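Subject: Handing over the structure

Hi there,

Here is the structure I promised to pass on to you. Please have a look at it first, and then read my notes underneath.

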Amino acid sequence: MQKKGNPAALFPILVFLVLYLGLGLVFEYVLNIEMGFYKIPIVVVFLVALLVAFLQNRKLKFDDKLVVVARSIGDKDIITMILIFLSAGIFVGVTGRDSAEAVAYFLLSVTPPWAAVAVLFVASCFVSVAMGTSVGTITLIAPIAVAVAGVSGFSLPLCIGSVMGGAMFGDNLSFISDTTIAACNSQGCPMGDKFKANFKIALPAAIITLGIILASSMGAGAGEMEIPDYNLVLLIPYVLVLLGGIFGLNVFLVLLAGIASGLVITLLAGTTDPITLLASMGSGASGMFETIMVTLLVSAMCGLIREFGGFDALLSFIHKVFRGRVGGRLGVGLLVGTMDIATANNTVAIVMAGPIAREISTEYGISPKESASLLDTFSCIFQGIIPYGAQMLVAISTAVSLGSSVSAFEILPCLFYPYALALCSMVYILVGAGKKRTK
């Protein structure tokens with residue numbers, strides 16, 4: 001029997017959104033602090049929201065609230081998510097940046113100059129799928145995009161926008177992406193199943209984007225650019241992880257195989273020494289700590305909100321606004337999109353929206369793989385186009401640091417992939433809504 005909904009239980013989420021979004025807007029646009037949204041200690045803000053959740057529901061004793069929190073944090077999916085976060089961080093620390101740059105330079109060396117922008121998009125797609133990070137991909141490939149724009153007739157916004165689009169492609173699909181890990185574990189879905197469902201949306205969007213980029217590139221004069229040396233052997237760990245994930249192997253075994261092969265290959269290739277490699281592994285794991293803390297705090301907060309009737313109130317509202325399976329799917333997508341606009345962080349948005357999305361999916365008969373796919377896809381759509389997102393800010397700062405000038409509003413019209421992904425997502429929702437209801 002469903003509990004009676006209590007809208008007041010959702011107040012901690014409102015507190016977080018007001019504090020984080022409010023401070024972010026002040027830092028970014030009033031105080032003009034570079035990447036102001038990312039100067040805010042998100043763990044501290046979530047801790048404040050959790051304190052508010054503890055202060056609510058006075059009928060429940062404090063010790064009983066701790067039991068609720070412990071039960072939420074100790075959930076199998078949460079523990080699994082944390083372990084995968086750590087393993088993925090170590091993998092990225094082992095493989096380094098040389099492998100990613102090798103992909104871009106190899107593709108540029110075997111294609112004609114007029115296809116250089118399309119190459120930037122394809123290279124960014126592969127690198128982001130392999131590395132599991134859109135920001136990391138942009139950091140590595142954006143300097144190459146600036147170089148391509150400098151020696152060709154292609155505009156810098158087109159080159160940067162193509163790199164950002166490719167980066168979001170992999171952020172959405174990669175087996176070691178924070179967003180994939182969070183979406184799959186919050187919905188109780190194997191990564192291979194989510195990948196197959198997600199691929200049906202992302203591949204058509206990528207093909208549409210590639211067509212638009214090639215059409216935009218036609219007629220532009222392009223000069224040759226100097227290609228540095230690269231080593232394709234460094235790609236082997238990424239390929240192993242990608243193939244293991246596609247074939248549905250255990251994600252821990254896949255990541256361990258990737259880490260082991262990465263250790264052997266990078267040492268034999270002489271790209272680093274053992275001491276530096278150990279430090280990189282530690283840095284990779286440490287880079288996941290904030291995400292892990294956010295996951296724990298959100299789990300604790302959601303446990304208290306659910307106990308107090310907040311999720312039931314939200315589901316009641318969604319039932320009134322969204323009808324049928326189309327409405328349920330749209331509800332999941334818009335929920336995570338709203339969270340992403342407020343937090344400017346698609347991983348945090350998924351962690352926040354995940355428990356609620358799972359309830360919506362159960363109510364509307366949406367399968368876990370569909371729900372995980374919608375969470376990841378819509379978070380990447382919004383994250384890929386918001387002007388104050390880390391992806392946009394990193395791309396602009398990279399261009400500026402290399403002596404070029406470009407603004408977010410110049411890049412926005414060239415973000416073909418997020419727009420195509422939104423279009424394909426809507427088609428998927430409308431066409432897929434007629435399928436048999438999940439038991």
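Let me start with the charges: the chain has 24 positive and 24 negative ones, and their mean positions are 18 Å apart. Please keep in mind throughout that this is a predicted model.

**The chain as a whole**

The secondary structure comes to 21 helices and zero strands. For 439 residues, a compact globule would have a radius of gyration near 22 Å, and the chain agrees with that because its own value is 22 Å. If you want to set up a box, the C-alpha atoms fill one of roughly 70 × 50 × 45 Å along the principal axes.

Of the 439 residues, 56% are buried. The accessible surface of the chain is about 18200 Å², and carbon and sulfur atoms account for 69% of that surface. As for contacts, I looked at those between residues at least 6 apart in sequence: 80% of them join residues at least 24 apart.

**Aromatic pairs**

How many aromatic pairs are there in the chain? The count comes to seven. One of them is formed by Phe16 and Phe46, whose rings are stacked, with 3.9 Å from centre to centre and 10° between the planes. Phe16 belongs to helix H1 (residues 11-30) and Phe46 to helix H2 (residues 42-55), so this pair ties together parts that are 30 residues apart in sequence. Are these two residues, Phe16 and Phe46, buried or exposed? Both are buried. Phe16 and Phe46 also belong to a cluster linked by ring pairs, together with Tyr20.

Another pair is that of Phe121 and Tyr417. Their ring centres are 6.1 Å apart and their planes stand at 45°, so the pair is tilted; the tilted class covers angles that are neither under 30 degrees nor over 60. Phe121 sits in helix H6 (residues 116-131) and Tyr417 in helix H21 (residues 416-432), so here the parts tied together are 296 residues apart in sequence. Phe121 and Tyr417 are both buried as well.

**Around helices H9 and H17**

Ala183 is part of helix H9 (residues 178-187). With a relative accessibility of 0%, Ala183 counts as buried, because the cut-off for that is under 20%. Beyond its neighbours within four places in sequence, Ala183 is in contact with Ile350, Ala372, Leu375 and Asp376. If you would like a distance to check, the C-alpha atoms of Ala183 and Val394 are separated by 24 Å, and these residues lie 211 residues apart along the chain.

Ile350, one of those contacts of Ala183, is in helix H17. Ile350 is buried too, at 0% relative accessibility. Which residues does Ile350 touch, not counting those up to four places away in sequence? They are Thr179, Ala182, Ala183, Val336, Leu375, Asp376 and Ser379. Leu375 and Asp376 are thus contacts of Ile350 and also of Ala183. From Ile350 to Gly166 the C-alpha distance is 20 Å, with their positions 184 residues apart in sequence.

Thr347 is also found in helix H17, which spans residues 346-364. This threonine, Thr347, is buried, with a relative accessible area of 8%. Not counting residues up to four places away in sequence, Thr347 touches Asp178, Thr179 and Thr291. Thr179 therefore turns up in the contacts of Thr347 and in those of Ile350.

**A few single residues**

- Ser261 lies in helix H12 (residues 251-269). At 14% relative accessibility, Ser261 counts as buried. Outside its neighbours within four places in sequence, Ser261 is in contact with Pro237 and Leu240.
- Asn57 has a positive phi of about 55°, although it is not a glycine. Asn57 is placed in the loop between H2 and helix H3 (62-73), and is buried with a relative accessible area of 16%.
- Leu203 is in helix H10 (residues 191-217). Its relative accessible area is 34%, so Leu203 is partly exposed. The C-alpha atoms of Leu203 and Leu430 are separated by 18 Å, and the two are 227 residues apart along the chain.

Over to you, and happy browsing!

Best wishes

Notes. Residues numbered from 1 in each chain as written. Predicted model: local features only at pLDDT ≥ 70, side-chain atom pairs only at ≥ 80, totals over all residues. Heavy atoms only, no water. Helix = DSSP H or I, 4+ residues; strand = E, 2+ residues; numbered from the N terminus. Rg over C-alpha atoms; globule rule 2.2 N^0.38 Å. Buried < 20%, exposed > 50% of the residue type's maximum accessible area, 1.4 Å probe, protein only. Contact = heavy atoms within 4.5 Å. Areas by Shrake-Rupley, 256 points an atom, 1.4 Å probe, with all protein chains shown as cover. Lys, Arg positive; Asp, Glu negative; His and termini not counted. Charge placed at Lys NZ, Arg CZ, Asp CG, Glu CD. Phe/Tyr/Trp six-rings, centres within 6.5 Å; stacked < 30°, edge-to-face > 60°.
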